[in-house]
Amino acid sequence: MATVLVVEDDEFVRSAIIHELGRREHAVRSAGCALDALREISQSPPDAVILDLGLPDLDGSEALRMVRGISDVPIIVATARDDESEIVRLLRAGADDYLVKPFSGEHLSARLDAVLRRARSAPAPRTIAVGGLVVDMDRREAALDGGPLALTRREFDLLAYLAARADRVVTRKELLAEVWRLAYGDDQTIDVHLSWLRRKLGESASRPRYLHTVRGVGFMLSAPR
(Lines give C-alpha, C1' and ligand atoms only; values in the text may rest on other atoms or scores of the structure.)
Protein backbone atom coordinates (compact mmCIF):
# COMPACT_ATOMS: atom_id res chain seq x y z
CA MET A 1 0.00 0.00 0.00
CA ALA A 2 1.24 3.49 -0.83
CA THR A 3 0.06 7.01 -0.06
CA VAL A 4 -0.85 8.72 -3.32
CA LEU A 5 -1.71 12.38 -3.87
CA VAL A 6 -4.11 12.96 -6.77
CA VAL A 7 -3.90 16.50 -8.14
CA GLU A 8 -6.90 16.97 -10.42
CA ASP A 9 -9.46 19.80 -10.62
CA ASP A 10 -12.17 17.80 -12.43
CA GLU A 11 -14.28 16.30 -9.64
CA PHE A 12 -15.54 13.41 -11.77
CA VAL A 13 -12.05 12.37 -12.90
CA ARG A 14 -10.64 12.88 -9.40
CA SER A 15 -13.35 10.69 -7.84
CA ALA A 16 -12.78 7.95 -10.42
CA ILE A 17 -9.02 7.89 -9.77
CA ILE A 18 -9.52 7.92 -6.00
CA HIS A 19 -12.01 5.04 -6.27
CA GLU A 20 -9.64 2.99 -8.45
CA LEU A 21 -6.62 3.53 -6.19
CA GLY A 22 -8.67 2.92 -3.04
CA ARG A 23 -9.91 -0.34 -4.53
CA ARG A 24 -6.27 -1.37 -4.80
CA GLU A 25 -5.75 -0.52 -1.10
CA HIS A 26 -3.72 2.65 -1.58
CA ALA A 27 -4.23 5.53 0.85
CA VAL A 28 -5.35 8.43 -1.33
CA ARG A 29 -5.30 12.18 -0.71
CA SER A 30 -6.38 14.77 -3.24
CA ALA A 31 -5.97 18.41 -4.22
CA GLY A 32 -7.88 20.46 -6.76
CA CYS A 33 -5.19 23.03 -7.47
CA ALA A 34 -1.41 23.35 -7.60
CA LEU A 35 -0.98 25.43 -4.46
CA ASP A 36 -2.95 22.96 -2.34
CA ALA A 37 -0.83 20.16 -3.79
CA LEU A 38 2.42 21.96 -2.93
CA ARG A 39 1.18 22.45 0.62
CA GLU A 40 0.31 18.75 0.92
CA ILE A 41 3.67 17.63 -0.44
CA SER A 42 5.69 19.94 1.81
CA GLN A 43 3.74 19.19 4.99
CA SER A 44 3.07 15.47 4.58
CA PRO A 45 5.00 13.94 1.65
CA PRO A 46 3.15 11.17 -0.22
CA ASP A 47 4.79 8.14 -1.84
CA ALA A 48 3.68 9.25 -5.31
CA VAL A 49 1.80 12.05 -7.07
CA ILE A 50 -0.58 11.88 -10.03
CA LEU A 51 -0.51 15.37 -11.51
CA ASP A 52 -3.05 16.76 -13.98
CA LEU A 53 -1.67 19.48 -16.24
CA GLY A 54 -4.90 21.48 -16.63
CA LEU A 55 -5.05 23.06 -13.17
CA PRO A 56 -7.01 26.26 -12.45
CA ASP A 57 -4.26 28.24 -10.68
CA LEU A 58 -1.03 27.13 -12.38
CA ASP A 59 -0.17 25.30 -15.56
CA GLY A 60 0.73 21.75 -14.66
CA SER A 61 4.23 22.04 -16.11
CA GLU A 62 4.90 25.00 -13.81
CA ALA A 63 3.45 23.02 -10.90
CA LEU A 64 5.79 20.15 -11.82
CA ARG A 65 8.79 22.48 -11.68
CA MET A 66 7.71 23.81 -8.28
CA VAL A 67 7.20 20.32 -6.84
CA ARG A 68 10.65 19.32 -8.04
CA GLY A 69 12.00 22.31 -6.14
CA ILE A 70 10.88 20.80 -2.83
CA SER A 71 10.64 17.04 -3.33
CA ASP A 72 11.90 13.99 -5.24
CA VAL A 73 8.53 12.23 -4.91
CA PRO A 74 7.67 10.08 -7.98
CA ILE A 75 5.31 12.02 -10.27
CA ILE A 76 3.03 10.62 -12.96
CA VAL A 77 1.72 13.38 -15.22
CA ALA A 78 -1.83 12.90 -16.45
CA THR A 79 -2.35 14.88 -19.63
CA ALA A 80 -4.63 15.18 -22.63
CA ARG A 81 -1.61 16.45 -24.58
CA ASP A 82 -0.21 13.59 -26.64
CA ASP A 83 2.38 15.64 -28.51
CA GLU A 84 5.71 13.80 -28.32
CA SER A 85 7.83 16.93 -27.86
CA GLU A 86 5.61 18.06 -24.97
CA ILE A 87 5.90 14.67 -23.27
CA VAL A 88 9.69 14.66 -23.67
CA ARG A 89 9.82 18.16 -22.18
CA LEU A 90 7.79 17.05 -19.14
CA LEU A 91 9.99 14.01 -18.55
CA ARG A 92 13.08 16.19 -18.73
CA ALA A 93 11.46 18.66 -16.34
CA GLY A 94 11.17 15.97 -13.67
CA ALA A 95 8.15 13.78 -14.40
CA ASP A 96 8.78 10.07 -13.80
CA ASP A 97 6.07 8.87 -16.16
CA TYR A 98 2.98 10.08 -17.97
CA LEU A 99 -0.52 8.96 -18.90
CA VAL A 100 -2.50 10.36 -21.83
CA LYS A 101 -6.19 10.88 -21.05
CA PRO A 102 -8.46 9.01 -21.16
CA PHE A 103 -6.79 6.04 -19.48
CA SER A 104 -8.05 2.90 -17.77
CA GLY A 105 -7.72 2.01 -14.12
CA GLU A 106 -5.53 -0.96 -15.09
CA HIS A 107 -3.18 1.30 -17.03
CA LEU A 108 -2.96 3.79 -14.15
CA SER A 109 -2.30 1.02 -11.62
CA ALA A 110 0.46 -0.51 -13.75
CA ARG A 111 2.23 2.83 -14.20
CA LEU A 112 1.92 3.63 -10.50
CA ASP A 113 3.30 0.23 -9.47
CA ALA A 114 6.25 0.77 -11.83
CA VAL A 115 7.26 4.19 -10.44
CA LEU A 116 6.85 2.97 -6.86
CA ARG A 117 8.98 -0.07 -7.60
CA ARG A 118 11.74 2.12 -9.04
CA ALA A 119 11.55 4.47 -6.06
CA ARG A 120 11.78 1.62 -3.54
CA SER A 121 14.76 0.07 -5.28
CA ALA A 122 16.75 3.29 -5.00
CA PRO A 123 20.51 2.90 -4.40
CA ALA A 124 22.05 2.91 -0.93
CA PRO A 125 22.55 6.28 0.79
CA ARG A 126 25.22 8.43 -0.84
CA THR A 127 27.70 10.50 1.09
CA ILE A 128 30.16 12.91 -0.50
CA ALA A 129 33.27 14.08 1.33
CA VAL A 130 35.31 17.06 0.17
CA GLY A 131 38.04 17.78 2.67
CA GLY A 132 36.33 18.33 6.03
CA LEU A 133 32.96 18.86 4.34
CA VAL A 134 30.58 15.87 4.35
CA VAL A 135 27.29 15.91 2.45
CA ASP A 136 24.73 13.15 3.01
CA MET A 137 22.60 13.30 -0.13
CA ASP A 138 19.80 11.06 1.13
CA ARG A 139 19.44 12.45 4.64
CA ARG A 140 19.89 15.95 3.20
CA GLU A 141 22.40 16.77 5.93
CA ALA A 142 25.81 18.39 5.76
CA ALA A 143 28.62 18.76 8.28
CA LEU A 144 31.87 20.73 8.33
CA ASP A 145 34.80 19.43 10.40
CA GLY A 146 32.39 17.22 12.35
CA GLY A 147 29.88 19.97 13.15
CA PRO A 148 26.41 20.04 11.51
CA LEU A 149 25.55 22.84 9.10
CA ALA A 150 22.14 24.48 9.43
CA LEU A 151 21.21 24.88 5.77
CA THR A 152 18.00 25.90 4.08
CA ARG A 153 16.61 23.58 1.42
CA ARG A 154 18.03 25.68 -1.40
CA GLU A 155 21.41 26.08 0.30
CA PHE A 156 21.64 22.30 0.67
CA ASP A 157 20.65 21.76 -2.97
CA LEU A 158 23.32 24.21 -4.08
CA LEU A 159 26.01 22.71 -1.85
CA ALA A 160 25.12 19.14 -2.84
CA TYR A 161 25.22 19.95 -6.55
CA LEU A 162 28.64 21.59 -6.26
CA ALA A 163 30.00 18.85 -3.97
CA ALA A 164 28.97 16.16 -6.45
CA ARG A 165 31.07 18.02 -9.01
CA ALA A 166 34.02 18.87 -6.77
CA ASP A 167 37.06 20.35 -8.54
CA ARG A 168 34.94 21.10 -11.60
CA VAL A 169 33.83 24.60 -12.65
CA VAL A 170 30.04 24.89 -12.75
CA THR A 171 28.52 27.75 -14.74
CA ARG A 172 25.75 30.06 -13.57
CA LYS A 173 23.54 28.78 -16.38
CA GLU A 174 24.00 25.19 -15.17
CA LEU A 175 23.15 26.15 -11.59
CA LEU A 176 19.98 27.94 -12.70
CA ALA A 177 18.92 24.95 -14.80
CA GLU A 178 19.81 22.14 -12.39
CA VAL A 179 19.38 23.66 -8.91
CA TRP A 180 16.70 26.28 -9.55
CA ARG A 181 15.08 24.45 -12.49
CA LEU A 182 14.98 27.68 -14.49
CA ALA A 183 15.94 28.23 -18.11
CA TYR A 184 16.95 31.79 -17.25
CA GLY A 185 16.92 34.06 -14.21
CA ASP A 186 18.59 36.77 -12.18
CA ASP A 187 22.26 36.06 -11.44
CA GLN A 188 21.80 37.89 -8.15
CA THR A 189 19.76 34.94 -6.87
CA ILE A 190 22.81 32.70 -7.19
CA ASP A 191 25.13 35.31 -5.66
CA VAL A 192 22.88 35.78 -2.63
CA HIS A 193 22.61 32.04 -1.92
CA LEU A 194 26.36 31.56 -2.39
CA SER A 195 26.99 34.41 0.03
CA TRP A 196 24.77 32.78 2.67
CA LEU A 197 26.41 29.41 2.05
CA ARG A 198 29.91 30.87 2.34
CA ARG A 199 28.99 32.47 5.65
CA LYS A 200 27.88 29.11 7.03
CA LEU A 201 31.10 27.52 5.79
CA GLY A 202 33.06 30.19 7.67
CA GLU A 203 34.52 31.87 4.61
CA SER A 204 34.00 34.80 2.26
CA ALA A 205 34.37 35.53 -1.44
CA SER A 206 37.62 37.39 -0.77
CA ARG A 207 38.98 34.59 1.45
CA PRO A 208 37.50 31.32 0.11
CA ARG A 209 38.25 27.90 1.52
CA TYR A 210 35.79 25.64 -0.30
CA LEU A 211 33.72 27.85 -2.62
CA HIS A 212 35.78 29.50 -5.33
CA THR A 213 34.60 31.98 -7.94
CA VAL A 214 36.10 31.46 -11.38
CA ARG A 215 35.67 34.94 -12.79
CA GLY A 216 33.63 35.10 -15.95
CA VAL A 217 32.92 31.36 -15.91
CA GLY A 218 31.23 30.14 -12.72
CA PHE A 219 32.02 28.47 -9.41
CA MET A 220 33.98 25.51 -8.11
CA LEU A 221 33.90 23.65 -4.82
CA SER A 222 37.20 22.07 -3.79
CA ALA A 223 38.95 21.00 -0.60
CA PRO A 224 41.29 23.54 1.00
CA ARG A 225 44.86 23.13 -0.20
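At 38% relative accessibility, arginine 140 counts as partly exposed, and in this predicted model the residue is found in the loop between strand S7 (133-136) and strand S8 (141-144). Its backbone deserves a look, since arginine 140 has a positive phi of about 55° although it is not a glycine. Most residues other than glycine have a negative phi, and most peptide bonds are trans.

A second residue can be read in the same way. Glutamate 25, again not a glycine, has a positive phi of about 70°, and its place is the loop between helix H1 (11-23) and S2. With a relative accessible area of 60%, glutamate 25 is exposed, because the cut-off for that class is over 50%, whereas the 38% of arginine 140 puts that residue among the partly exposed ones. The peptide bonds offer a further case to inspect: the bond that leads from lysine 101 to proline 102 is cis, with omega near -5°, and proline 102 belongs to the loop between strand S5 (97-100) and helix H5 (105-120).

From these loops one can step back to the whole chain. The protein contains 8 helices and 12 strands, and its C-alpha trace spans about 60 × 35 × 25 Å along the principal axes. Of the 225 residues, 40% are buried, while the accessible surface comes to about 12,100 Å², with carbon and sulfur atoms holding 50% of that area. Among the contacts with a separation of 6 or more, 52% are between residues 24 or more positions apart. As for charge, there are 32 positive and 35 negative side chains, and the centres of the two sets lie 7 Å apart.

Two strand residues show how particular positions are set into this protein. Valine 77, in strand S4 (residues 75-79), has a relative accessible area of 1% and is therefore buried, the limit for that class being under 20%. Leaving aside residues up to four places away in sequence, valine 77 touches Leu51, Leu53, Leu90, Ala95, Asp97, Tyr98 and Leu99. One of these partners, tyrosine 98, is 21 residues from valine 77 along the sequence, yet the C-alpha atoms of the two are 4.5 Å apart in space.

Arginine 29 sits in strand S2 (residues 27-31), and its relative accessible area of 22% makes it partly exposed. With residues up to four places away in sequence again left out, the contacts of arginine 29 are Thr3, Val4, Leu5, Val6, Glu40, Ser44, Pro45 and Pro46. The C-alpha atom of valine 7, a residue 22 positions away along the chain, is separated from that of arginine 29 by 8.7 Å.

The last step concerns a pair of helices. Two packed helices are described by the angle between their axes and the distance between the axes. For helix H6 (residues 153-163) and helix H8 (residues 187-200), that angle is about 80° and the axes are 10 Å apart. An angle of 65 to 115 degrees counts as roughly perpendicular, so this is the description that applies to H6 and H8. The residues that form the meeting can be named on both sides: H6 contributes Arg154, Glu155, Leu158, Leu159 and Leu162, which meet His193, Leu194, Trp196, Leu197 and Lys200 in H8.

Notes:
Residues numbered from 1 in each chain as written. Heavy atoms only, no water. Helix = DSSP H or I, 4+ residues; strand = E, 2+ residues; numbered from the N terminus. Buried < 20%, exposed > 50% of the residue type's maximum accessible area, 1.4 Å probe, protein only. Contact = heavy atoms within 4.5 Å. Areas by Shrake-Rupley, 256 points an atom, 1.4 Å probe, with all protein chains shown as cover. Lys, Arg positive; Asp, Glu negative; His and termini not counted. Charge placed at Lys NZ, Arg CZ, Asp CG, Glu CD. Axes fitted to C-alpha atoms, helices over the stretch in contact; angles between N-to-C directions. Parallel < 35°, antiparallel > 145°, perpendicular 65-115°, else oblique.
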